[in-house]
Amino acid sequence: MKKKNVLVACGAGIATSTVVNSAIEELAKEHHIDVNLIQIKIAEISSYIETADLLVSTTIVQKEYPFPVINAQAFLTGIGLDKVKQDIVEELKKE
Amino acid sequence: MKHLQFDESFILKNLEAKSKEDAITQLATLLFEKGLVRESYIDAVLDREKRYATGLPTKGHAVAIPHTDIIHVNHKALALGVLKEPVDFGIMGEDSKSTPVSIIFMLAMDEEHSQLTLLQNLMGIFQDEEILHFLMEEENMTIIKEKLLTALAVH
């Protein structure tokens with residue numbers, strides 16, 4: 001399985017993406033998946049279009065991208081978190 | 001790592017605000033008057049909130065975490081606003097939905113990708129109905145300060 005490049009984005013690249021980044025790191029470890037996490041501000045996304053496999057974002061994603069996008073709000077509120085974790089693991093495990 | 005600035009004087013309890021802009025301006029002005037953020041912080045937070053909403057519905061009272069780029073910040077700080085009547089904030093990550101926010105945690109962060117424990121603990125508060133309820137009901141600023149600093153583990 002190819003090591004996936006996962007973008008973790010929020011508006012400022014300061015607060016929420018830091019928390020989500022760490023949560024996904026844990027999640028990947030739990031499932032023994034090797035991932036390459038890249039924490040960004042959503043405004044920086046254009047530099048990563050070619051290389052990313054998944055975007056996990058706490059903020060609105062305006063455009064269509066060639067990779068799936070998962071809303072990470074659940075990591076902040078705990079509401080619906082199990083489902084979001086499951087979605088992320090499924091994406092990470094895809095060939 | 002510089003210490004987080006927060007004490008009783010960073011809490012606006014029974015905050016009366018006509019709108020989210022009004023509430024944000026009051027909290028950001030408080031941080032500016034303490035010299036912890038630059039004057040540009042106020043407009044920068046308002047602008048960012050417009051583009052990237054920070055309202056979060058919780059299982060208890062909805063919260064918001066307005067913040068902005070580190071260049072507007074002199075020193076890491078937190079301001080807490082507990083609103084008398086909720087004001088609508090856009091929901092983080094949603095296009096046009098809003099949520100009536102009662103508790104505002106305004107963050108002034110001076111480093112990117114850092115303060116993980118503090119931020120994790122802050123999100124932990126959002127998942128803790130009991131402490132959200134406590135922040136709404138408690139009127140003693142010192143007790144609020146102590147409880148919050150303990151919950152954030154920045155004592």
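**A walk through a two-chain model**

Let's start with one residue, Phe105(B): setting aside neighbours within four places in sequence, Phe105(B) is in contact with Val63(B), Ile65(B), Leu78(B), Leu80(B) and Leu122(B). By contact I mean that the C-beta atoms of two residues, placed from the backbone, lie within 7 Å.

Before going on, some housekeeping. This is a predicted model, where local features need pLDDT of at least 70 and side-chain atom pairs count only at pLDDT 80 or more, while totals for chains, interfaces and linings use all residues. Residues are numbered from 1 along each chain as its sequence is written, and chains are lettered from A and ligands numbered from 1 in the order in which they are written.

How does the model score? It has ipTM 0.81 and pTM 0.90. Chain B averages a pLDDT of 93, and 98% of its residues score at least 70; pLDDT is the predictor's confidence in each residue, from 0 to 100. Among the elements of chain B, helix 1 (residues 20-33) has the highest mean pLDDT, 98, and helix 3 (residues 116-126) has the lowest, 90. When I say helix or strand, I mean DSSP runs numbered from the N terminus: H or I of at least four residues for helices, E of at least two for strands.

Back to Phe105(B). Together with Leu31(B), Phe105(B) has the most contacts inside the largest nonpolar core, which has 75 residues. Such a core is a set of buried Ala, Val, Leu, Ile, Met, Phe, Trp, Tyr and Cys residues joined through C-beta atoms within 7 Å. And buried? That takes 20 or more other C-beta atoms within 10 Å of a residue's own; 12 or fewer makes it exposed, in between is partly exposed, and the C-beta atoms are placed from the backbone.

Which residue is the bridge partner of Leu80(B) in strand 5 of chain B? It is Phe105(B) again. Strand 4 (residues 77-90) and strand 5 (residues 98-108) of chain B pair in the antiparallel sense over ten bridges; pairing requires that DSSP finds at least two bridges between two strands. The wider picture in chain B is an open sheet of five strands in the order 1-4-5-3-2, with mixed pairing. Its edge strands, each pairing on one side only, are strand 1 and strand 2 (55-56) of chain B.

Let's stop at edge strand 1 of chain B, where we find Lys13(B). With 17 C-beta neighbours inside 10 Å, Lys13(B) is partly exposed. Not counting residues up to four places away in sequence, Lys13(B) touches Val82(B), Glu139(B) and Met141(B). Asn14(B) is in strand 1 of chain B too, and Asn14(B) is exposed because 10 other C-beta atoms lie within 10 Å. Its phi is near 55°, a positive value in a residue other than glycine. Most residues other than glycine have a negative phi.

Now to chain A. Strand 1 (residues 4-10) of chain A has five of its seven residues buried, so it is largely enclosed by the rest of the structure. Strand 1 of chain A pairs in the parallel sense with strand 2 of chain A over seven bridges, with Ala9(A) standing opposite Ile40(A). Strand 1 of chain A also pairs in parallel with strand 3 (residues 54-57) of chain A, over four bridges; there, Val8(A) has Val56(A) as its bridge partner.

Strand 1, helix 1 and strand 2 of chain A make a right-handed β-α-β unit. To picture right-handed, point the strands away from you: the path from the first strand over the helix to the second runs clockwise. In the loop between helix 1 (16-30) and strand 2 (35-41) of chain A sits His32(A). His32(A) has a positive phi near 55°. Is His32(A) buried or exposed? Exposed, because it has 6 C-beta neighbours inside 10 Å.

Finally, where the chains meet: 19 residues of chain A are in contact with 26 residues of chain B. Helix 1 of chain A gives the most to the side of chain A that touches chain B, with three residues. That side divides into seven nonpolar, twelve polar and no charged residues. Here Ala, Val, Leu, Ile, Met, Phe, Trp, Tyr, Cys and Pro count as nonpolar, Asp, Glu, Lys and Arg as charged, and the others, Gly among them, as polar.

One last residue to click on: His67(B), in the loop between strand 3 (62-64) and strand 4 of chain B. His67(B) is buried, with 28 other C-beta atoms within 10 Å. Leaving aside neighbours within four places in sequence, its contacts include Ala12(A), Ile14(A) and Ala15(A) from chain A, and Met106(B) from chain B. Thanks for listening!
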